[in-house]
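Q: I'd like to learn how to read a few features off a model. Can you walk me through it?

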Amino acid sequence: MPVLFGHRYLAFIVVVFLLVFLIFKPLGTQPHGALDHMQLRVPGKAFSDVLNSTLGFQELFVLNLPERSDRRDAMTLSAALTKLDVKWIDGIDGKDVPDRVLPGDSWDKKISKGNKGSWRAHMDALQRIVRENLTSALILEDDADWDIRLKQQMQVFAQAARALTQPTPKASSTGKPLSATEPQSEISISQIPTNLRSRLTPYGDNWDVLWLGHCGTDFPSAPTILPHKDDASKPKVPLLRITIPNDPTVPDHKHLKPHPFALQDSLAKEYPPHTRVVHSSYKTTCTQAYAVSQQGARKLLYQFGLKTLTTGWDLMLGDWCDGLYPQEKQPICVTVQPPLFSHHYGKGAASDITAPGGGFVNKDKEMTPYVRLSVRVNMERLVQGVGVEGLVDQWEDPE
Ligand SMILES: *[C@@H]1O[C@H](CO)[C@@H](O)[C@H](O)[C@H]1NC(C)=O
Ligand SMILES: *[C@@H]1O[C@H](CO)[C@@H](O)[C@H](O)[C@H]1NC(C)=O
């Protein structure tokens with residue numbers, strides 16, 4: 001065979017291989033379980049603190065009634081298996097909360113024992129954040145669960161949160177400021193500049209609450225139903241949305257309403273599968289996980305430690321974020337759909353839920369809505385040292 005022909009032949013083969021590789025490679029990176037399939041841009045050094053054992057907050061607190069040692073065991077393991085460092089805030093039984101410590105406006109209300117106990121535990125967490133002058137802390141309920149890829153998810157969330165809470169973020173593509181008040185104003189995470197500075201926390205400097213674990217939230221997209229009678233046309237909750245497309249940790253639409261008490265998911269109606277959306281909190285309920293900044297903790301402790309106790313803590317926090325309490329400025333509460341933390345439903349008696357959406361106990365199968373590679377569901381495998389490829393994806397994509 002002539003040498004020249006051989007070279008051409010070889011070059012031809014190489015080109016064909018390259019073409020085949022380029023054409024078929026994207027097929028191999030469909031949303032799927034493993035970590036390296038995360039097609040998310042993990043930002044550089046500015047976000048590296050998010051990977052530390054407190055997720056870039058100053059502390060992680062877990063609310064737990066000391067008598068629920070079962071939950072403390074499970075949470076201790078979950079944290080260890082995902083390299084997190086948690087501290088406990090002792091939960092409080094409502095019968096141990098005397099009436100004389102309740103805020104003034106609760107006197108004519110019937111506050112259930114459950115609500116009193118939960119209120120006090122959350123106030124104790126806020127009080128500690130203020131007392132210790134923490135820049136920020138994440139408050140978790142003791143039955144919260146998350147994906148083993150939480151830290152990567154939080155890095156991407158941090159980038160979105162920073163953009164949302166900057167005064168006027170500019171799109172990197174157009175250089176034009178993003179409008180937070182125009183209806184349906186929306187931007188993809190890939191268009192966010194990565195050089196947004198923040199000094200106090202990796203999630204930005206100007207926020208009150210990051211509502212990361214909930215059992216339902218709305219998009220703040222309908223100005224007419226917003227509560228400000230004085231100025232109904234101008235919603236005070238910013239409308240800007242930041243989308244994270246092709247996030248392999250988001251379950252398919254089919255799995256977005258996984259239990260009978262879940263609220264209707266507008267996410268599935270408005271976005272393609274595997275999209276996560278970060279936006280201002282609106283009508284959010286349940287507090288499986290939320291972070292507060294120092295400024296947020298001070299405002300909340302003042303409002304709810306000293307002034308207001310009228311109903312369940314999550315409902316009050318939701319109203320507060322929606323701007324229903326008189327305040328100088330609209331609070332800055334950021335949330336995410338689907339949430340990054342969720343309630344773990346244990347088998348049978350392991351669950352005694354009093355939160356809204358509660359009362360649902362799956363007797364045969366444990367599960368956590370929205371969370372694909374759940375730490376709790378995979379706990380046995382994780383303890384045995386099974387790698388990512390061997391874990392169970394609770395919400396597998398339909399074929
Ligand atoms: C994680 O990072 C945050 C933000 O820089 C910091 O406040 C916190 O102390 C760090 N946590 C640990 C355990 O180093
Ligand atoms: C609380 O921390 C901030 C910085 O995060 C600092 O500027 C302030 O002086 C601290 N306050 C007290 C009372 O130490």
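**Cavities, ligand, helix and strands**

A: Sure, and let's begin inside: the second largest cavity holds about 50 Å³ of space. Keep in mind that this is a predicted model, where local features need pLDDT of at least 70 and side-chain atom pairs pLDDT 80 or more, while totals for chains, interfaces and linings use all residues. Residues are numbered from 1 along each chain as written, chains are lettered from A and ligands numbered from 1 in written order, and side-chain values use heavy atoms, without hydrogens and water.

Q: How many cavities of 30 Å³ or more does the search find?

A: Rolling a probe the size of a water molecule over the atoms shows where empty space is left. A cavity is a set of points, on a 1 Å grid over the protein atoms alone, where a 1.4 Å probe fits but cannot get out; lining residues have an atom within 4 Å of a point. Here the whole structure has three of 30 Å³ or more.

Q: Which residues line the second largest cavity?

A: Asp147, Gln153, Thr249, Arg276, Pro339, Leu340, Tyr370, Val371 and Arg372. By class, that lining has four nonpolar, two polar and three charged residues.

Q: What surrounds ligand 1?

A: Count residues with a heavy atom within 4 Å of the molecule. For ligand 1 they are Asp49, Asn52, Ser53, Thr54, Gly56, Phe57 and Gln58. Then look for N or O pairs within 3.5 Å. Oxygen atoms of the ligand are 2.6 Å from a side-chain N or O atom of Asp49 and 2.3 Å from one of Asn52, and a ligand nitrogen is 2.8 Å from one of Thr54.

Q: Why does the span of helix α4 agree with what it should be?

A: Helices are DSSP runs of H or I with at least four residues, strands E runs of at least two. The expected span is 1.5 Å times one less than the number of residues. Because α4 (residues 150-165) has 16 residues, it should span 22 Å, and its end C-alpha atoms are 21 Å apart, which agrees.

Q: How many residues of α4 are buried?

A: Buried means under 20% relative accessible area, with a 1.4 Å probe and protein chains only. In α4, 15 of the 16 residues are buried.

Q: Is Trp211 buried or exposed?

A: Buried, because its relative accessible area is 0%. Trp211 sits in strand β6 (residues 209-213), and its C-alpha is 4.4 Å from that of Tyr290, 79 residues apart in sequence.

Technical notes. Buried < 20%, exposed > 50% of the residue type's maximum accessible area, 1.4 Å probe, protein only. 1 Å grid on protein atoms, 1.4 Å probe; cavity = no way out; pocket = protein on both sides within 12 Å on 5 of 7 lines; lining within 4 Å. Points joined across faces, edges and corners; volume = space filled by probe spheres on them. Nonpolar A, V, L, I, M, F, W, Y, C, P; charged D, E, K, R; others polar. Polar contact = N/O pair within 3.5 Å; in protein donor to acceptor, adjacent residues only side chain to side chain.
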